[in-house]
Amino acid sequence: MKRIEVIYQRLTKAGEEGCTASALASVLGLARANVSSDLNQLCRENRAYKTGSRPVFYHPVKTGDAISRRPAGAAGHTDPFAETSIRYPSLFHCVEQAKAAALYPPHGMNMLIRGATGVGKTTFAKLVYDYSVYAGILDSDAPFIAFNCADYADNPQLLVSQLMGSVRGAYTGAEENREGLLAQADNGILFLDEVHRLPPQGQEMLFTFMDRGVYRRLGETDAEHRAKVMLICATTEDPSSTLLKTFMRRIPMVIEIPALSERSRKERFNYIAAFFLDESERLGMPIFVSVNSLRGLLAYSCPSNVGQLKSDIKLLCAGAYSRLQSHQTARMEISGRHLPENIREGMYAATSREEVWLPYLAENRRFCVFDAQKEQPSDIPSSAKPAGQHESIYDLIDRKYLALKNEGLDEEEITSRINDIIRSYFSGYVTRSAKTTFAESVIDSEALTLANEILDAAAKSLDRTFSENIRFGVAGHISGAISRVERGLAIHNPQLDDIRKNHPREFSAALTALRTIQSHYSVELPLDEAGFLALFMMPIERHHDSIPLIVVIAHGPATATSMVETANYLQGANLAVGINASLNESPSQVYMRLLDLVRTHMPQAGVLLMVDMGSLSEFGTSLTRDTGIPCKVFQLVSTMHIVEAERKASLGFSLDEVYDAAASVNEILGPQRPALAADASQSHQVSRAFIVTVCTTSEGGAQMLKDLFDSRLNYHNGFCETIALALQAKESIAERLEALSKAGTILCGASTFAIDYPIPWYSPSDIIAGNAIQDIQERIEEALVISKTRDALSELIDSYNVKAAFPLFLDAISSIEHEGRRSLASDTEIGVLCHLSYLVDRIKKGEGLDVPQTHSSAAEDPALYHAVLASLTTLEQKLQIAIPQQEAGNICAFFSPENCRQA
């Protein structure tokens with residue numbers, strides 16, 4: 001007996017309640033994926049039907065059962081377009097068109113589906129068929145025949161035979177009468193994909209059938225055959241330029257399917273979630289996908305639309321399954337490092353963590369969990385946050401409470417933990433930089449007006465001022481409170497009694513605010529809400545012992561202190577301390593210096609120990625033992641790790657959260673690469689690129705420009721980054737830029753005032769108007785090409801350290817450009833870099849240099865020639881090689897006018 005029959009027999013024993021694929025697989029001892037495949041085949045054969053979703057239950061259709069006996073939700077008894085309209089609103093108009101065409105008397109209206117490759121035209125056509133069955137237009141066993149016209153576009157005779165059928169002797173090899181697709185699709189639907197590939201002759205052959213419902217087989221002259229078929233055609237081209245007008249007149253309904261790039265993030269996430277859940281169901285196990293991976297999938301360029309998105313997700317899952325089977329991982333897991341280059345680029349587009357919705361986000365993890373065996377919402381809930389909007393305090397409390405409860409903590413410990421979370425949440429509004437330009441786009445204007453009214457009154461009664469950030473925070477909080485009450489959800493503040501007792505003035509002002517909100521919205525709010533409002537009004541002071549101490553220890557005379565100095569400059573803070581560990585110093589001596597430092601500070605929030613290598617990573621356990629202070633150790637530290645750790649610490653996050661923030665940087669950096677040689681020139685570091693934004697009075701203007709760059713520029717997997725510098729005095733600008741230049745190349749900057757630093761500068765007006773964006777993007781592209789050229793050459797050349805020498809080559813080119821008063825085109829610059837790299841390679845290997853001089857610049861352009869000679873002399877000294885003088889003429893040839901940019 002075939003496996004599918006064994007499964008069907010077992011399914012019939014399950015009775016009316018049905019059975020899941022997992023349960024059947026367990027009982028029968030079969031692979032769940034095989035059982036699921038056979039169950040779906042039974043559904044297509046109308047021998048079974050499904051109910052529910054996540055998990056799906058399968059029910060048998062016994063011989064003789066009437067379709068009408070199936071419960072609501074069974075195949076054929078649920079509008080197949082209903083879920084499509086909800087999950088994908090951009091298809092609403094398409095669905096309404098399709099319904100109108102399908103219901104058109106007497107047998108429906110022929111239609112044309114138009115859209116780019118991969119938008120889902122075939123899937124949509126199948127939904128039209130399912131809807132026609134649901135609406136009673138077609139019988140449940142009506143045929144759905146799909147045919148791709150491109151398969152026979154170059155052979156009209158064979159095409160006619162496929163569509164209309166043929167009689168014996170109609171053409172060479174036709175030995176018997178053959179039924180065509182029109183006959184096979186009788187009383188059903190014929191789907192003609194890529195109909196633009198149908199030649200004019202083929203289109204004309206369908207005229208009679210579309211007009212009268214009759215056709216002749218190939219080779220027949222007088223006999224006619226009838227068929228009742230609804231035609232659904234699909235094309236990726238403009239019908240007016242590829243199809244006959246007479247053909248189009250017979251297909252009045254044209255449905256345009258939008259491309260994936262034209263749909264909302266929410267729709268795209270629904271596709272992503274559906275595809276991961278399908279793979280989870282097929283494999284019978286949950287799939288863990290990192291938040292950054294989902295950000296990449298949400299934003300990467302997907303030219304082949306939904307089809308490519310589905311295929312890419314299948315490939316990611318196949319890779320995860322391979323890693324699981326080879327025991328590289330303990331679960332189906334997809335992280336940023338597993339993404340191919342094209343998807344990784346999406347991680348740095350204008351998407352935020354808030355766009356990865358909470359129903360799939362595992363508590364205290366960086367992963368979203370897609371599990372087909374658990375109940376999942378069919379759509380992203382209304383509580384999902386748009387980009388830029390923070391999770392409300394109510395949702396945060398609910399989520400944390402459930403997570404802590406699941407950990408088995410008692411109520412006292414849960415209350416204590418939640419109180420810490422509340423304090424951290426509200427203190428964040430004091431320290432978090434306000435992004436007013438973007439906040440206005442996501443906060444309800446009515447709530448913002450009310451928040452200003454409330455806080456203006458509170459400012460008078462409390463003799464206190466409130467920042468713009470606090471005002472936006474209160475506005476967002478009011479919107480969340482009203483939404484929660486309207487949904488019938490409770491509001492509970494575990495700190496209420498403490499606030500009333502210890503902060504009476506703020507609580508009194510909050511009560512007045514509460515009455516104002518209730519009057520404005522005509523709602524009843526509990527007293528607990530006044531406690532939350534009071535927290536916004538408190539002068540929250542963040543004490544030193546509430547911030548984890550960040551200690552960086554690295555080998556070298558100034559390695560740790562240099563990284564810390566750079567990070568402190570960039571953050572405008574001094575939350576990290578550096579300890580330089582000499583290679584001649586014993587680990588015990590380094591540890592004693594660390595111990596003295598920690599005992600001096602005694603940070604009750606803990607210590608994040610960030611080290612480079614070796615025995616330093618063992619200091620954490622000893623430090624906790626000797627001081628009683630919690631400690632976490634982060635290895636292979638870089639400046640970027642320190643910057644991110646400081647940023648999180650400054651916002652009041654816990655030790656664990658600061659550690660996780662530093663670890664998340666690894667997904668951006670990818671596999672670690674060896675550093676350049678210590679003595680290499682730093683003036684043209686190409687490992688990373690930076691753009692800086694600067695303003696004179698505060699971080700607000702610089703942050704606004706950074707946000708604009710982040711939303712419009714392609715940073716290529718974090719290769720480039722925009723840094724917003726919070727400056728209080730112009731005198732410190734040069735120092736900070738010099739510190740940043742040690743970590744990479746500063747490509748350009750944006751400032752509200754003139755800065756004397758040798759990089760291109762743009763004005764805010766040019767940037768906001770969009771005039772400078774393309775120019776800046778080109779600078780990023782050129783820097784990226786240089787970086788990739790360096791990496792490629794370093795793999796091809798082994799006679800010397802190409803990465804260490806590359807900055808010297810760039811310095812040489814820059815010097816020649818400056819002295820010669822010309823600027824190389826980017827392609828030519830790459831040519832010079834390759835030429836110099838292989839020139840040094842041949843010299844290092846002792847190979848002969850018999851290349852003749854190709855340019856007589858000594859006579860034609862003496863200034864350029866002498867500039868080249870000076871640069872080559874510098875290279876000779878730093879690389880300790882001898883370069884033949886004839887190479888000066890060869891390099892001058894690269895700088896000819898046709899290879900340089902227009903002035």
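These exercises walk through the sheets and helix pairs of a predicted model.

**Exercise 1. Get an overview**

Task: State how many helices and strands the chain has, and what share of the residues is buried.

Solution:
- Step 1. Count the elements. The chain holds 37 helices and 22 strands.
- Step 2. Look at burial. The chain has 903 residues, and 49% of them count as buried.
- Step 3. Look at contacts between residues at least 6 apart in sequence. Of these, 72% join residues at least 24 apart.

**Exercise 2. Read the sheet of 5 strands**

Task: Give the strand order of the open sheet of 5 strands, and explain why one side of strand 4 and of strand 11 has no neighbour.

Solution:
- Step 1. Write down the order. It is 4-7-10-3-11, and the pairing is parallel.
- Step 2. Find the edges. Strand 4 (144-148) and strand 11 (253-256) stand there. Each has a single partner strand, so one side of each lacks a neighbour in the sheet.
- Step 3. Add the twist. From one strand to the next, it averages 20°.
- Step 4. Zoom in on one pair. Strand 4 and strand 7 (residues 188-193) run parallel and are joined by 5 bridges. Phe144 has Ile189 of strand 7 as its bridge partner.

**Exercise 3. Place two helices on that sheet**

Task: Which strands do helix 5 and helix 6 lie across?

Solution:
- Step 1. Take helix 5 (residues 92-103). It lies across strand 3 (111-114), strand 10 (229-235) and strand 11. Its angle to strand 11 is about 155°.
- Step 2. Take helix 6 (residues 121-134). This helix lies across strand 3, strand 4, strand 7, strand 10 and strand 11. Its angle to strand 7 is about 170°.
- Step 3. Apply a cut-off. Angles over 145 degrees count as roughly antiparallel. Helix 5 is therefore roughly antiparallel to strand 11, and helix 6 is therefore roughly antiparallel to strand 7.

**Exercise 4. Read the sheet of 4 strands**

Task: Work out the order of the open sheet of 4 strands and name the strands at its edges.

Solution:
- Step 1. The order is 16-15-17-18, with parallel pairing.
- Step 2. Strand 16 (576-581) and strand 18 (631-634) are at the edges. Each has a single partner strand, so one side of each is left free of a neighbour in the sheet.
- Step 3. On average, neighbouring strands are turned by 20° against each other, direction ignored.
- Step 4. Strand 15 (residues 549-555) pairs with strand 16 over 6 bridges, in the parallel sense. Ala554 stands opposite Asn580 of strand 16.
- Step 5. Helix 26 (residues 619-627) packs on this sheet. It touches strand 15, strand 17 (607-611) and strand 18. Its direction makes about 165° with that of strand 18.

**Exercise 5. Classify two helix pairs**

Task: Describe how helix 25 packs with helix 26, and how helix 33 packs with helix 34.

Solution:
- Step 1. The axes of helix 25 (residues 587-601) and helix 26 cross at roughly 45° and come within 11 Å. The two helices are therefore oblique to each other. Their crossing is right-handed.
- Step 2. List some contact residues. Helix 25 contributes Val590, Tyr591 and Leu594, among others, and helix 26 contributes residues including Phe619 and Leu623. By class, this contact has 8 nonpolar, 2 polar and 2 charged residues.
- Step 3. Helix 33 (residues 802-820) packs against helix 34 (residues 826-844) at about 125°, with axes 10 Å apart. That makes helix 33 oblique to helix 34. The crossing is right-handed.
- Step 4. In helix 33, Phe806, Phe809, Leu810 and Ile813 make the contact; their partners in helix 34 include Val832, Leu833 and Leu836. The classes are 8 nonpolar, 1 polar and 1 charged.

Notes: Residues are numbered from 1 along each chain as its sequence is written. This is a predicted model: local features need pLDDT of at least 70, side-chain atom pairs count only at pLDDT 80 or more; totals for chains, interfaces and linings use all residues. Side-chain values use heavy atoms; hydrogens and water are left out. Two strands pair if DSSP finds at least two bridges between them. Axes are lines fitted to C-alpha atoms, for helices over the stretch in contact, and angles run from 0 to 180 degrees between N-to-C directions. Contact means heavy atoms within 4.5 Å. Angles under 35 degrees count as roughly parallel, over 145 as roughly antiparallel, 65 to 115 as roughly perpendicular and the rest as oblique. A crossing is left-handed if the near helix is turned anticlockwise from the far one by less than a right angle, and right-handed if clockwise. Ala, Val, Leu, Ile, Met, Phe, Trp, Tyr, Cys and Pro count as nonpolar, Asp, Glu, Lys and Arg as charged, and the others, Gly among them, as polar. Buried means under 20% relative accessible area, exposed over 50%, partly exposed in between (1.4 Å probe, protein chains only).
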